[in-house]
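Me: I would like to learn how to read burial, fold and empty space from a set of coordinates. Please take one structure and go through it with me.

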Amino acid sequence: MSFEQAPPPSVPIRFFLTAPLFLLLAGLLLLVDGEAVMASRWTPAALALTHLMTAGFMLQVMLGALFQLMPVAAGANLWRPRVLALPVHLLSAIGAVMLVAAFHHQIAWAYQLAVVAIGCSVLAFVPAGMLALWRTPGTSHSLIALRIALLAFFFTVFAGATMALARAGLIDTWWLRFSSSHVALGLAGWGCVLVAAVGYLVVPMFQLTPAYPRWFARSFAPLMALAIGLGMVVSHPTAWLPLIGLVALFAGVTLDRQQRRRRAKLDATFRFWRFAMGCVLLACVGAVLMIFNIGGNTLPFAVGVLAILGGFVSVISGMLYKIVPFILWLYLQPRVRGVPPMTRMLNEHWVLWHWRVHVVMIGAALLATVWWPAVYLAGSLMVVSAALLGGQLLRVVSRARTALRLAQPS
């Protein structure tokens, strides 16, 4: 990896620090509108909550990770990342807020503003990212996965924009039938493939595991693209089974890598990743049952909790606790004498408490699928989880700034 090509820390960090705010808003929404959220996955409150997690929390972290990962891991240097990051960050965050407001209050003009803001963010980032990735001569597994993930991101936003405009009454409601494709492109094509691209690098590096098998890393992203295409083209629900199987395979291989780790100590990142992969496997089992109409109306809620909260939010939290200290530690190395170790930049005690709160939160959210009042416990714990995550990230940034200030001559 080419760490010397990393962008200034302010580029990815702004995305990472924004993400917990969306998690906080999601918790508050559960506290305010929990009964409506649990009434149906298609209620305005439920759709607002889903997009606080996906278009808000997840998107912020994933964009920040791409700004950092593309030049360092793939040698794909973005054009003037400091200049590009500002509009991408602001527009994506504003667009996510507008989209959530549109879903929750059914406001036509908010849908339109969300499409414009997120669309402009995508049109600023995706062409620059694709140009950088396609100009890179390498053929690494992460590079291929990044290309596929970025394409899936573009089509995810395109499908979402058409459905938002249909809800706003500007185009025919026929476009709303693409909801399954939108979910598959977003969670599997964009989300899971990007997590795999990052995992190929950070799991062996930070968790001291063996590398992912070459056969798996080489074929996973292309097969995911083919499986998504199959599900979109073939109208029968069973066409999504290969995609579910591939996602389960990724979780299984990751758990196998972790089982073979060379470090005995169980740190928070390892705990978050292992818990996430377990949740993903359970979500895949639930998704298969859904395809065969087994499990009733509560199962889709449980699958959503396991996939988004249990899978993505867990993985992202674990990654942030390693990536943010590492980025700032690398930046301080040539500038400050006696840089504090990465582990001292975090308060490990509170990080461990965050993991515990997060696990109980997932349990409460699953309980809420069969006994809806538990949603208030889940919402309260989500607020605490967001505060713990955001507080630790701010602690790391504060310590880095202090070290840099003390190193400068007065």
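Reply: Start with burial: a residue counts as buried when its relative accessible area is under 20%. This is a predicted model, and of the 410 residues of the protein, 54% are buried by that criterion.

Me: Which secondary structure elements does the protein have, helices or strands, and how many?

Reply: The protein has 13 helices and zero strands. Read along the sequence, the pattern is therefore α-α-α-α-α-α-α-α-α-α-α-α-α, where helices are numbered from the N terminus.

Me: How does the radius of gyration of the protein agree with that of a compact globule?

Reply: The general idea is to set the value against a rule based on the number of residues. For 410 residues a compact globule would have a radius of gyration near 22 Å, and the protein, at 20 Å, agrees with this. The C-alpha trace spans about 60 × 45 × 45 Å along the principal axes. As for contacts with a separation of 6 or more, 77% come from residues 24 or more positions apart.

Me: How is a single residue read, for instance Ser 317: buried or exposed?

Reply: Ser 317 is in helix α10. Ser 317 counts as buried because its relative accessibility is 1%, and the cut-off is under 20%. Its side chain reaches the backbone oxygen of Val 313 at 2.8 Å. Leaving aside residues up to four places away in sequence, Ser 317 touches Phe 272, His 354 and Leu 389.

Me: Where is empty space left, and how many cavities are found?

Reply: Rolling a probe the size of a water molecule over the atoms shows where empty space is left. In the whole structure, the search finds four cavities of 30 Å³ or more. The second largest cavity holds about 60 Å³ of space. Its lining consists of Val 61, Met 62, Ala 65, Leu 194, Val 195, Val 198, Ile 316 and Met 319. Helices α2 (44-73), α6 (179-207) and α10 each supply at least two of the lining residues. By class, the lining has eight nonpolar, no polar and no charged residues.

Me: What is the volume of the second largest pocket, and which residues are closest to its centre?

Reply: A pocket, unlike a cavity, is an open set of points. The second largest pocket has a volume of about 290 Å³. It is lined by 14 residues, of which Pro 9, Ser 10, Leu 328, Val 397 and Arg 401 are the closest to its centre. At least two lining residues come from each of α1 (10-39), α10 (298-332) and α13 (374-407). The classes are 10 nonpolar, one polar and three charged.

Note on methods
Residues numbered from 1 in each chain as written. Predicted model: local features only at pLDDT ≥ 70, side-chain atom pairs only at ≥ 80, totals over all residues. Heavy atoms only, no water. 1 Å grid on protein atoms, 1.4 Å probe; cavity = no way out; pocket = protein on both sides within 12 Å on 5 of 7 lines; lining within 4 Å. Points joined across faces, edges and corners; volume = space filled by probe spheres on them. Helix = DSSP H or I, 4+ residues; strand = E, 2+ residues; numbered from the N terminus. Nonpolar A, V, L, I, M, F, W, Y, C, P; charged D, E, K, R; others polar. Buried < 20%, exposed > 50% of the residue type's maximum accessible area, 1.4 Å probe, protein only. Polar contact = N/O pair within 3.5 Å; in protein donor to acceptor, adjacent residues only side chain to side chain. Contact = heavy atoms within 4.5 Å. Rg over C-alpha atoms; globule rule 2.2 N^0.38 Å.
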